[in-house]
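Visitor: Please give me a close look at one part of this structure, the loop that you would pick as a starting point. Then show me what else can be found by going on from there.

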Amino acid sequence: MYKTESLPLVPLKEIVVFPHSITPLFIVRHKSLIALEAALKRDKKLMLVAQRNLESEHPGLDDLYSVGTVAEIIQVLRLPDGSAKILVEGHYSGRIVGFDTHGDYLMSTVDPIRYIDDDSKKVQALQRMVVSQFEQYAQLSDKIPEDLGLSIKSLEDPMQLANAVANYCHFRTEDKQRVLETLRVSEKMMILSELLASENELLELENKIITQVKSKIGKSQKEYFLNEQLKVIEKELGLSNEEDFELEEYEEKIKKSKMSEEAREKAFKELSRLSKMAQLSPEATVSRTYLDWLLDLPWGKATRDQSDLVRAQKILDEDHYGLEKVKERIVEYLAVLKLVKEFKGPILCLVGPPGVGKTSLAKSIARTLKRKFVRVSLGGVRDEAEIRGHRRTYIGSLPGKIIQSIKKAGSSNPVFLLDEIDKMSSDFRGDPASAMLEVLDPEQNKAFNDHYLEVDYDLSQVMFITTANTTAGIPGPLLDRMELIRLPGYTEDEKLHIARQFLIPKQIKAHGLYGMHAMFTNQAIDMIIQRYTRESGVRSLEREIATMCRKMARSIVSNEEEKMLRIEPAEVRKHLGPERFQDPTIHEALETGVAIGLAWTEAGGELLPTECTIMPGKGNLQLTGKLGDVMQESAKAALSYLRSRGEYYKLPPDFHKDMDIHIHLPEGAIPKDGPSAGVTLITALLSALTKKPVRQDVAMTGEITLRGHVLKIGGLKEKIIAAHRNRMTTVIIPDENEPELEEIPNEILKDLKIVPVKTVDEAIAVSMGPGADKKEIKTPEGTQRRKRTVIRPRPGLGA
């Protein structure tokens, strides 16, 4: 039997020591260390009491529980910092009946607690239930050793069992203290049973949470794991989180959006998938990005077209000089919009050489219609996914350029420029030109399906404008879907107007010369156009004007008093250096074996001088100048025709056996091909064989047959402009091309004699005969031909 005794007291924080248990303790506080020393000097017994008020470092009687455990010190380990680690064994429970705080350490008078035994069967039943619950607790908790369950099960004394279970279970300090203070054994067992049941339920929930989290993210980072634990805990407790607000926000946006029913159904399906995903998982990010793309598209949003035709014509005229056919087409489109409610957007293809204003014209059309403008450059695009988008199975996938640009425009009816559509190519990744078939088909683009979105989007209200330098690089099915509008090169008169109205004001403003009375005379502009640029567009002209503006800026800065500069031809020659282009001197003479042909290039029309010489030999035909197969065949056809007509043209009977013929086209590094040089080749060849000269002011074009017929050719407007630019006086064209002359400006036709021909004989009569000009198209009466060797002033625009 234990008796009342006086013992040193050590208060414990968040620890309850039970009888018959061995517990390690750290002794840190000064008074507790002194109490430890006092106990070691006596009988090694301590009174260990849990501290009620954890914040107090010097607890009094009110800060401690009244019931504790008398324990014996088994082992002491003194640490370098002055603290001590001890191992104690609990003997019995005791109640503090006396307390002394006047010494260096706490002393307490302890009265042993006598427990009350009751119905043994009830206790036995409770004991079995507690053992069973503890076994379940040991299985659920990873903090209980496996052999401890067997040790607990072997305890027969209910009091020892209760103390052992309470000691090893991770209950709260208050609950353990309640077990320690309970006097009746059955009540003690009941309290343990309730605590174990509650703890087992928590452990089951915790294991459920861990299982759910691991099934979602597996062995992921600690941050993922903790966040998922928090998410499931909040879900079990019925608490909301940020993800719920995000999902609600998405749902609200989807309901308010004007997207199609198909897209809405897809969006809700994706939102449902997102709600079941881990918030920070990569799959959730993909779903959010997809929903953002769906919601950011301008479903049902469209700008209102302006229907004032007069204003539209005025804007088009302000932005571009000439280009009447394109302007007329845009005004017609506006007129139709005014009469009908729904009209599929036209698909225009502007074809012309570089620098004629195709891209800027598209911007002007957008300004005219008051629509948003977006541009996509197709040059070098070789992947179909650039147009249709990547499927979402790929990491970092995005919609194609079409959907991206529609989102950027923020409108479902922008003016959409597809620049350089002839520069697309294809490889193993697909053919983007084939993907464009759906985009540019008014019957199909109402349901354009991007691989990323996987829903149809209506492109029928978009006004697509494509640009190209040539139609040769555009597949036939794609070309068939577009309305071609050709933009030939500008004439010199048009370049003068463009320089006056657009280029010079733009460069004067850009170089800080605004308000300084800097001006270009017409003669100076003419000199830049004729002597320093030779192009179909106006880019080089703008660069030369910019050079002159820089020279003027330097002159003004160097001489601040000079506030007015007048640019004359002399200043142009001084600042731009030697003339880069000259009028052909061959225009003034006749020459044997040389004929002037006309060629079409992506940059516009060009002259194609063709030389032919003969020499004694064995009848060989040599073709040089990097000629293509078609042009070589034209040369052979020309030779065959002359052989068949040798008697008519009085050719030597065996010239094809006794003479070698060499045909050469200068600028041999540039590839040349096409059938339209047939007339030129036969004229040069006949001139060399008959020694009759060819007029060098006559340019010609046309495909020939073995029967001597002249067939229709392409690029007539560009070729005639090239002849006009190079000071030709007469142009021979196929008779079948005569209707196309209506598209050529009058200022060009009045300076040229156009001779349509049906046969080779007619062409030869004009180019080699003494002034023969059958079927000549007369120039207007009273119009004088311009001189070919001087710079001509332009009337009507001032100095």
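**A loop, a strand and some salt bridges**

Guide: Let's start at Val340, which sits in the loop between helix 12 (324–339) and strand 7 (347–351). Helices here are DSSP runs of H or I with at least four residues, strands are runs of E with at least two, and both are numbered from the N terminus. Keep in mind that this is a predicted model, where local features need pLDDT of at least 70, side-chain atom pairs count only at pLDDT 80 or more, and totals for chains, interfaces and linings use all residues. Residues are numbered from 1 along each chain as its sequence is written, and side-chain values use heavy atoms, with hydrogens and water left out.

How covered is Val340? Val340 has a relative accessible area of 36%, so it is partly exposed. (Buried means under 20%, exposed over 50%, and partly exposed in between, with a 1.4 Å probe and protein chains only.)

Now step into strand 7, and the picture turns: five of its five residues are buried. Ile347, Cys349 and Val351 point one way from the strand, Leu348 and Leu350 point the other way, and all of them are buried. What lies alongside? Strand 7 pairs with strand 12 (residues 463–468) in the parallel sense, over five bridges. (Two strands pair if DSSP finds at least two bridges between them.) Leu350 has Thr467 of strand 12 as its bridge partner. Strand 7 also pairs with strand 13 (residues 483–486), again parallel, this time over four bridges. There, Cys349 has Leu484 as its bridge partner.

For antiparallel pairing, go back to strand 3 (residues 45–50), which joins strand 4 (residues 67–78) in that sense over four bridges. Leu48 is bridged to Thr69 of strand 4 here. Strand 4 then runs antiparallel to strand 5 (residues 84–100), with 11 bridges joining the two. One spot to find is Leu77, which stands opposite Lys85 of strand 5. Strands 4 and 5 make a hairpin with five residues between the strands, and in this hairpin Gly82 takes a positive phi near 95 degrees.

Next, look at the charged side chains. How many salt bridges does the structure hold? The count is 28. (A salt bridge is a side-chain nitrogen of Lys or Arg within 4 Å of a carboxyl oxygen of Asp or Glu.) Side chains of opposite charge can pair when their charged atoms come close.

Begin with helix 9 (residues 261–275), where Arg264 and Glu261 lie three residues apart, about one turn of the helix. Their side chains meet in a salt bridge at 3.9 Å, N to O. The two partners have rather unlike surroundings: Arg264 counts as buried at 16% relative accessibility, whereas Glu261 is exposed at 60%.

Another pair is Arg392 and Glu270, whose closest N and O atoms are 3.2 Å apart in a salt bridge. Arg392 is in the loop between helix 14 (385–388) and helix 15 (401–409) and Glu270 is in helix 9, so this pair ties together parts that are 122 residues apart in sequence. Both ends are covered: Arg392 is buried at 18%, and Glu270 is buried at 4%.

Then there is Arg580, which forms a salt bridge with Glu544, the closest N and O atoms being 2.7 Å apart. Arg580 lies in the loop between helix 21 (569–576) and strand 16 (590–592), while Glu544 lies in helix 20 (residues 539–558), so the pair ties together parts that are 36 residues apart in sequence. Arg580 is partly exposed, with a relative accessible area of 45%, whereas Glu544 is buried, with 10%. Back with Arg392 and Glu270, salt bridges that share partners join these two with Lys266, Arg273 and Glu454 into one network.

One last stop is a different loop, between strand 20 (659–664) and helix 24 (678–690), where you'll find Ala677. Ala677 has a relative accessible area of 4%, so it counts as buried. Ala677 and Thr701 are 24 residues apart in sequence, and their C-alpha atoms are 5.9 Å apart in space.
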